Amino acid sequence: MYVGTLSFDLLLGDVRSLKEKRSVVRPIVAELQRKYAVSVAEVDHQDLHRRAVIGLAVVAGDTEHLTDVLDRCERLVAGRPEVELLSVRRRLHGEHDD
């Protein structure tokens, strides 16, 4: 069993309130869940209206499939015109990790 995680640090476009922020972040979270069956949530900067950190996790039986899903998720978020992807943090955890 292998677990992969991604953390996206996002700068949101012309967002002036937390309500507008939700209207940008929720569709991204929902699309990632729907398309790739990953666990995903906004995990940081909930009180800032122009910043968001979205975290996701995937469990797979082999690293090839895991890497493919993580790559697809990263491309989806990077391709969203309403956000600027500031950084991505990727971690892979295998059965033999301590």
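The buried residues of helix α2 are Leu66, Val69, Leu70, Cys73, Leu76 and Val77, where buried means under 20% relative accessible area, exposed over 50% and partly exposed in between, with a 1.4 Å probe and protein chains only. They cover an arc of only 120 degrees around the axis, which puts them on the same side of α2; the arc is taken from the directions that run from the helix axis to the C-beta atoms. Turn to the other side of α2 and you find Glu64 and Arg75, which are exposed. The cover over the buried residues includes β1, α1, β3 and β4 (83-93).

A quick word on what you're looking at. This is a predicted model, in which local features need pLDDT of at least 70 and side-chain atom pairs count only at pLDDT 80 or more, while totals for chains, interfaces and linings use all residues. Residues are numbered from 1 along each chain as its sequence is written, and side-chain values use heavy atoms, with hydrogens and water left out. Helices (H or I, at least four residues) and strands (E, at least two) are DSSP runs, numbered from the N terminus.

Back to α2. With 16 residues at 1.5 Å a residue, this helix should span 22 Å, and its end C-alpha atoms are indeed 22 Å apart, which agrees; the expected span is 1.5 Å times one less than the number of residues. At the N-terminal end of α2, aspartate 62 acts as a cap, with a side-chain oxygen 3.2 Å from the backbone nitrogen of glutamate 64.

Now for the core. Nonpolar side chains tend to be buried together in soluble globular proteins. Here the largest nonpolar core has 24 residues, and those with the most contacts inside it are Leu32, Val38, Ile54 and Leu56. Such a core is a set of buried Ala, Val, Leu, Ile, Met, Phe, Trp, Tyr and Cys residues joined through side-chain atoms within 4.5 Å. β1, α1 (18-36), β3 and α2 (63-78) each supply at least two residues of this core, and α2 gives the most, with six residues. Leucine 56 has plenty to touch: leaving out residues up to four places away in sequence, its contacts (heavy atoms within 4.5 Å) include Gly4, Phe8, Leu32, Val38, Leu70 and Cys73.

Which strand is largely enclosed by the rest of the structure? That's β3 (residues 51-60), because seven of its ten residues are buried. β3 pairs with β1 (residues 2-12) through ten bridges, and the two run antiparallel. β3 also pairs with β2 (residues 39-44) in the antiparallel sense, over five bridges. Strands count as paired if DSSP finds at least two bridges between them. Some of the residues that face each other:

| Residue | Opposite residue in β3 |
|---|---|
| Glycine 4 | Valine 58 |
| Alanine 41 | Glycine 55 |
| Aspartate 44 | Valine 53 |

β2 and β3 form a hairpin with six residues between them, and histidine 45 sits in the turn with a positive phi of about 60 degrees. Histidine 45 counts as partly exposed, at 21% relative accessibility. Alanine 37 also has a positive phi, of about 50 degrees, although it is not a glycine. Look for alanine 37 in the loop between α1 and β2, where it counts as exposed at 70% relative accessibility.

Two charged-residue names in α1 are worth a look. Lysine 21 is found in this helix, and is lysine 21 buried or exposed? At 2% relative accessibility, lysine 21 counts as buried. Its side chain joins that of glutamate 42 through a polar contact of 2.8 Å. A polar contact is a pair of N or O atoms within 3.5 Å; within protein, one must be able to donate a hydrogen and the other to accept it, and residues adjacent in sequence count only if both atoms are side-chain atoms. Leaving aside neighbours within four places in sequence, lysine 21 is in contact with residues including Leu12, Val15, His45, Leu48 and Arg51.

Glutamate 31 lies in α1 too, and is buried with a relative accessible area of 17%. Residues up to four places away in sequence aside, glutamate 31 touches Tyr36, Leu76 and Arg80. Glutamate 31 and aspartate 44 are 13 residues apart in sequence, and their C-alpha atoms are 19 Å apart in space.
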